[in-house]
Structures are given as structure tokens and as C-alpha cells.
Amino acid sequence: MLEFVKSVNGWMWGYILLIMLCGTGIYYTLRLKFIQVRKFGEGCRLVFGHFKISGEKKEHGEMTPLQSLATAIAAQVGTGNLTGAATALISGGPGAIFWMWVSAFFGMATIYAEAALAQEYKTTVDGEVTGGPVYYIRQAFKGIFGKILAAVFAVFIILALGFMGNMVQSNSIGAAFSSVFAARNIPIPAVAVGVVLAVAAFFIFIGGTKRLAAVVEKMVPFMAAVYIIGSLILIGMNIGALPGAFKMIFVGAFKPNAVLGAAAGITVREAIRYGVARGLFSNEAGMGSTPHAHARATAKNPHEQGLTAMISVFIDTFIVLNLTVFSVLTTGAMETGEGGIALTQAAFGRGFGSFGDIFVAVCLLFFAFSTILSWHFFGEVNVKYLFGKKAVKVYSLIVVVFIIVGSTLKVDLVWELADFFNGLMVIPNALALVALSRVVAEICRKYGGKKR
């Protein structure tokens with residue numbers, strides 16, 4: 001089963017999804033006239049200068065722009081930033097990071113479209129503002145086909161993020177803390193970590209959207225600040241190696257063997273594949289997950305929420321993920337032969353000694369836990385769409401079970417299944433994005449041309 005899913009993922013992520021996601025990003029970049037460059041400054045002003053809209057009426061949304069952005073970033077900034085970056089370095093070499101940057105650049109245009117459409121087609125169900133791909137998919141494709149495609153997307157995202165995705169998030173936390181405990185001969189089993197996570201998560205789950213928004217609004221800026229400061233200190237301690245790290249990335253993007261040696265066997269194709277795939281897994285542009293958060297924002301118009309979403313990709317990939325990359329490359333941690341979260345812990349251990357693995361474990365706790373909260377919320381929206389509000393409690397209990405089980409197991413198959421369903425949910429979302437490109441272009445023209 002595991003080998004079969006791996007082979008399917010290799011084909012799907014190596015060809016179909018790379019073409020669909022990158023193609024959609026390039027298409028929107030051209031159609032919106034490089035909006036990620038033209039409107040980057042305006043997006044930054046919206047994110048960093050206009051967080052709070054205290055007088056906004058609740059019927060226009062249930063989250064402030066800061067809360068919706070924090071919820072989206074909480075989903076994006078997770079194990080992909082600490083573990084995914086390390087995996088890309090090992091599997092695709094340093095050159096994979098260059099292709100990660102390329103995919104993120106075009107992904108900024110894609111996620112603008114997702115957030116704008118989520119705002120444009122958001123609705124109210126049972127007195128609650130909601131929105132996301134299931135709603136704009138049905139606008140893109142009328143009739144029975146649209147209903148089926150939306151339902152298929154809803155099932156895929158519940159499985160990919162709500163269940164298996166949250167399972168691997170808790171597994172990463174359990175693995176990181178197990179390493180810390182084992183190194184210090186502390187007899188705390190991994191299941192104890194899972195139980196604590198599950199209890200804390202369930203308390204937030206039952207509080208609904210307001211409690212989720214309040215938690216991530218405070219957690220995301222804090223966790224990002226701690227990791228950014230720690231990473232900058234580590235990189236600063238090895239600043240002399242920074243030019244060499246950039247050289248490894250740019251040379252490795254086109255000549256991997258010149259950096260790693262012929263024995264490594266990594267080709268340009270593999271550098272592109274792992275760079276783009278891991279980059280997209282990290283920032284989620286085009287996957288259809290973060291629009292659920294952007295739909296609930298009290299935005300003035302769809303264009304402004306699109307710009308806000310655009311900056312979230314920049315923060316995720318060009319800031320947080322790059323800090324992991326340069327922490328690994330400047331410390332020379334790749335020579336340890338470690339992989340995944342162990343590689344990141346090895347890098348920080350070289351700079352911070354015995355405190356390094358603790359620092360990474362704590363940061364991962366915040367990153368992965370906030371992702372659990374956001375992914376549960378994204379799945380919840382689709383559970384309500386398919387089965388109604390009464391099914392949410394059952395869904396939340398199942399997620400709690402997956403969190404506990406995930407913290408105790410080496411779930412290689414679950415990781416692969418999560419990648420598989422992540423990939424499947426991209427397809428209906430990307431089809432809708434292309435079908436509604438005229439709507440997105442009109443939103444950009446209507447609101448983007450006005451002076452703020």
C-alpha cells in the first residue's frame with residue numbers, strides 16, 4: 001500500500017500538479033500584470049498598518065483582517081517550514097530552494113485569486129458567515145457537475161487536512177519532543193504529548209470560530225517572532241558562510257552535482273520537483289485551504305483581502321521557511337546525514353548546543369499546533385457544507401483521536417496519504433480558479449485601480 005501511494009504521489013506531484021499549480025500561478029501573474037510586484041507595497045500596508053477594524057459590522061464577516069491572516073498563516077507555517085524545508089534540501093539539494101522561491105512568487109498571484117473569490121462568493125448559513133472553494137466551485141460550474149465537484153473537494157479536504165494532516169502534525173510534535181526527552185533520559189511517553197495536545201485542541205475546537213481566531217491572533221505573531229529571532233541569531237553566528245549558502249542554492253538549481261558531487265545522484269528535474277512540491281505544501285497557494293479563513297474576514301472588498309493573502313505567502317516562504325534553509329546551510333548541518341526535523345534540530349544544536357533541540361521542539365509545537373487548529377477549522381467548514389452543523393461534534397472528536405494516535409506512531413503511510421489527498425483537492429480548486437479568471441481580473445480592475 002505504502003509503495004503504491006508513493007508511486008502515485010511521485011507521478012502526481014512530479015507532473016500533473018506541478019503543471020496545474022505553476023501554470024495557474026503563471027497565468028494569473030500575466031493576467032493580473034504581475035500583481036505580486038505592482039501591489040506588494042499596498043499589501044504590506046494592509047497587513048502591517050491596518051490590522052484592526054474595530055467598527056466593522058459583524059454581518060460582513062466574523063474575523064478581523066488580522067485574525068483571518070493569522071488563521072491562514074497558522075495553516076501555512078507548520079511542519080513544512082521546519083521539516084519540509086529540510087526534506088527539500090536532502091531530496092532535491094540546495095538548488096531545490098531556488099525552485100521553491102520561483103513557485104512561491106507565482107503562488108502569490110494564485111492565492112490572491114483564491115482569497116478574492118472567497119470574499120466575492122462568501123455567504124451566510126444558519127446565521128454564520130462562511131465561504132471557500134466549495135462555494136466558488138459551484139459558481140464556476142453550474143448544475144450537477146458543479147455540485148459533484150464541490151462535494152468531491154469537500155471530502156478530499158476533510159480527509160487530507162482534518163484527519164490525516166492533523167495526524168502528521170501531532171506526529172511531528174511527538175517526534176521532536178521524544179528526541180528531547182530521550183537525550184535527557186526523561187521517561188515521558190509520546191502518547192502523553194498527544195493527550196495534552198488533544199485536550200488543548202478540543203478546548204479550542206468547542207469554542208468555535210471566535211475562540212480559534214482569538215488564539216491564533218496571539219499565537220502566530222509570537223511564534224513567528226521567537227523563531228525569527230532565534231534563526232537570525234544562529235545565522236548571524238555563521239554570517240561568513242552566508243555567501244556560500246546563496247552560491248549553493250543558485251548553482252545547485254541548475255547543476256546539482258557541482259554542489260553535492262556526482263555521488264549524490266540528484267538531477268535538475270529532482271531539484272525542481274522537490275522544490276516546487278515542498279514549497280507548495282508549505283505555502284498552500286492553489287490548494288484551496290486558506291480561502292476558508294479569508295472568506296470570513298471583515299474586508300472592505302475582495303481585492304484588499306486578496307492582497308492580504310498574497311503577503312501571507314511571502315511571510316511563509318520568503319521569510320520563515322528561508323530562515324530554516326539558511327540555518328541549515330550556514331551551519332553545515334547537512335553533513336550530519338540527518339533528515340526531516342532532526343536536520344533542523346542538528347543545525348540549531350551546532351549553534352545553541354544542548355538547547356538547540358529544545359528550541360526547535362518548542363517552535364515546532366507552536367507551529368504545528370496552530371496548524372492543527374486552522375486545518376480543523378478548514379475541515380469543519382466542509383463538514384457543515386456536506387452534513388450540516390450537527391456533524392461538527394463528531395468530526396471534532398475524530399480529529400482528537402487522530403491527534404492522539406498520530407503522536408505515537410511513525411506514520412509514513414499517513415504522510416503519503418495526506419500528500420495524496422492534498423494533491424487531489426488541488427484539481428477541482430485549480431479548475432475553478434481558471435474558470436473564474438475573468439471574475440478575478442474584474443475585481444482587480446474595479447478595486448485595484450482606486451487610490452487608497
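Reader: Which residues of α9 are buried?

Author: In this predicted model, the buried residues of α9 are Val193, Gly194, Leu197, Ala198, Ala201, Ile204 and Phe205.

Reader: What makes you say that they line one face of the helix?

Author: Looking down the axis of α9, the buried residues fall within an arc of 130°, so they line one face of the helix. The face turned away from the buried side carries Val196, Val199 and Phe203, which are exposed.

Reader: What do the buried residues of α9 pack against?

Author: They pack against α8 (143-183), α10 (208-237), α17 (355-387) and α18 (392-406). A contact here requires heavy atoms within 4.5 Å.

Reader: How do you know that the span of α9 agrees with the expected one?

Author: Helix α9 covers residues 190-205, which is 16 residues. The expected span is 1.5 Å times one less than the number of residues, and for α9 that gives 22 Å. The end C-alpha atoms are 22 Å apart, so the two values agree.

Reader: What is the span of α18, and what is expected for it?

Author: Its 15 residues reach 21 Å from the first C-alpha to the last, close to the 21 Å expected at 1.5 Å a residue.

Reader: Which residues of α18 are buried, and what puts them on the same side?

Author: The buried residues of α18 are Val392, Tyr395, Ser396, Val399, Val400, Ile403 and Gly406. They cover an arc of only 140° around the axis, and therefore sit on the same side of α18. Lys393 and Val394 are exposed on the other side. The buried residues of α18 pack against α8, α9 and α17.

Reader: Which residues lie nearest the centre of the second largest pocket?

Author: Of the 16 residues that line this pocket, Phe205, Ile206, Glu380, Lys389 and Val392 lie nearest its centre. The elements that give two or more residues to its lining are α9, α10, α17 and α18. The largest share, 3 residues, comes from α18. The space in the second largest pocket is about 340 Å³.

Reader: Why is the largest cavity called a cavity and not a pocket?

Author: The term cavity is used for a set of points where a 1.4 Å probe fits but cannot get out, whereas a pocket is an open set. The structure holds 4 cavities of 30 Å³ or more, and the largest cavity has about 70 Å³ of space.

Reader: Which residues line the largest cavity?

Author: Its lining consists of Ile204, Phe205, Gly208, Thr209, Leu212, Leu373, His376, Phe377 and Glu380. The elements α9, α10 and α17 each give two or more residues to this lining. The largest share, 4 residues, comes from α17.

Reader: Why is Pro428 counted as buried or exposed?

Author: Buried means under 20% relative accessible area. Pro428 is at 4% relative accessibility, so it counts as buried. The residue lies in helix α19 (residues 412-435). Leaving out residues up to four places away in sequence, Pro428 touches Ile137, Leu149 and Phe153.

Reader: What makes the phi of Lys33 worth a remark?

Author: Phi of Lys33 is near 55°, a positive value in a residue other than glycine. Lys33 is placed in the loop between α1 (2-31) and α2 (35-38). Exposed means over 50% relative accessible area, and at 60% Lys33 counts as exposed.

Reader: What is the phi of Glu284, and is Glu284 buried or exposed?

Author: Phi of Glu284 is near 60°, which is again positive in a residue other than glycine. Glu284 lies in the loop between α13 (268-283) and α14 (291-295). Its relative accessible area is 1%, so Glu284 is buried.

Reader: How do you know whether Glu114 is buried or exposed?

Author: Its relative accessible area is 0%, so Glu114 is buried. The residue is found in helix α6 (residues 95-120). Not counting residues up to four places away in sequence, Glu114 touches Glu284 and others, including Tyr136, Met287, Pro291, Asn429 and Leu433. The C-alpha atoms of Glu114 and His292 are separated by 9.5 Å, with their places 178 residues apart along the chain.

Reader: Where does pLDDT stay under 50?

Author: That is the case over residues 53-60, for which the model has 9 contacts beyond four places in sequence. The chain averages a pLDDT of 86, and 93% of the residues score at least 70.

Key:
Residues numbered from 1 in each chain as written. Predicted model: local features only at pLDDT ≥ 70, side-chain atom pairs only at ≥ 80, totals over all residues. Heavy atoms only, no water. Buried < 20%, exposed > 50% of the residue type's maximum accessible area, 1.4 Å probe, protein only. Arc of directions from axis to C-beta. pLDDT = per-residue confidence, 0-100. 1 Å grid on protein atoms, 1.4 Å probe; cavity = no way out; pocket = protein on both sides within 12 Å on 5 of 7 lines; lining within 4 Å. Points joined across faces, edges and corners; volume = space filled by probe spheres on them.
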